[in-house]
Amino acid sequence: MSYDPPRPAGRLLLTPEDREAPARTRRLRRLGLGERPEPALDAFADRLAELTGAPYAMVNFPDGQRQFFAGLHTPEGGRAERGKPVVGRRLAREYGFCPHVVVRRKALVLEDVRDYPRFACNPAVDEYGIHSYLGAPLIDTTGTVLGTVCVADLAPRPWGRAGLETIKTTAADLVVRLEAQTP
């Protein structure tokens, strides 16, 4: 696996290279996804946040340059950790953990991101206060990874096997829904 070069911030960021981004972008366009917020995906993210008890839940459709949360649930009242901003609809690729899920094509469970040197220096930790993450890829019937379904918390979380099964099941369910709405 190759990695993008470190960014000028002086950190060693190990965001994996995403060779499938052009194909994903084309597939998302055919599905009519990835360019605007979707109320149905916001509702999906709301249900996922409720199901997991996480303050953040997202349906993420990344491309080669950025991540786009077509479905987004943020903490009550739009407040994150004291003095920290709330995650918005768009983030650079190097923020967060979804790019790793997309490239690996496998779910990722980080109960405390600070326990993993590869993830501890991610800007999402310092800038947004994200300390735990649980995400799964959205792999459609063509084999394309459309994006991810994920939840994040401001505190370490013991997601466990139940959390892993929940995120994988919800990802599979969402892919069925997304493909069913294809014109």
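The legends below describe several views of a predicted model.

**View 1. Overall architecture of the predicted chain.** The chain contains six helices and six strands. Read from the N terminus, the order of elements is α-α-β-β-β-α-β-α-α-β-β-α. The order thus opens with two helices ahead of a run of three strands, and a helix closes it.

**View 2. Burial, surface and contacts of the chain.** The chain has 183 residues, of which 51% count as buried. Its exposed surface amounts to about 8700 Å², and 52% of this area is supplied by carbon and sulfur atoms. Where residues at least 6 apart in sequence are in contact, 64% of these contacts join residues at least 24 apart.

**View 3. Strand E1 and its two covered faces.** Strand E1 spans residues 56-60 and is mostly covered, with five of its five residues buried. Tyr56, Met58 and Asn60 lie on one side of the strand, while Ala57 and Val59 lie on the other. Both faces are covered, and each of these residues is buried.

**View 4. Pairing of E1 with E6.** Strand E6 comprises residues 145-153 and runs antiparallel to E1. The two strands are joined by five bridges. Within this pairing, Asn60 of E1 stands opposite Thr148 of E6. Asn60 is also among the buried residues of E1, on the side shared with Tyr56 and Met58.

**View 5. The hairpin of E1 and E2.** Strand E2 covers residues 66-73 and is antiparallel to E1, to which four bridges join it. Five residues lie between E1 and E2 in the hairpin that they form. Ala57 in E1 stands opposite His73 in E2. Ala57 is buried on the side of E1 that also holds Val59. E1 is therefore paired on an antiparallel basis with both E2 and E6, since strands count as paired when at least two bridges are found between them.

**View 6. Cysteines without disulfides.** The structure holds zero disulfides. Cys150 is accordingly in no disulfide, and the nearest cysteine sulfur, that of Cys98, is 3.6 Å away. A disulfide requires the two sulfur atoms to be within 2.5 Å. Cys150 has a relative accessible area of 0% and is buried. Cys121, by contrast, is partly exposed, because its relative accessibility is 24%, and the buried class ends at 20%.

Conventions
Residues numbered from 1 in each chain as written. Predicted model: local features only at pLDDT ≥ 70, side-chain atom pairs only at ≥ 80, totals over all residues. Heavy atoms only, no water. Buried < 20%, exposed > 50% of the residue type's maximum accessible area, 1.4 Å probe, protein only. Contact = heavy atoms within 4.5 Å. Areas by Shrake-Rupley, 256 points an atom, 1.4 Å probe, with all protein chains shown as cover.
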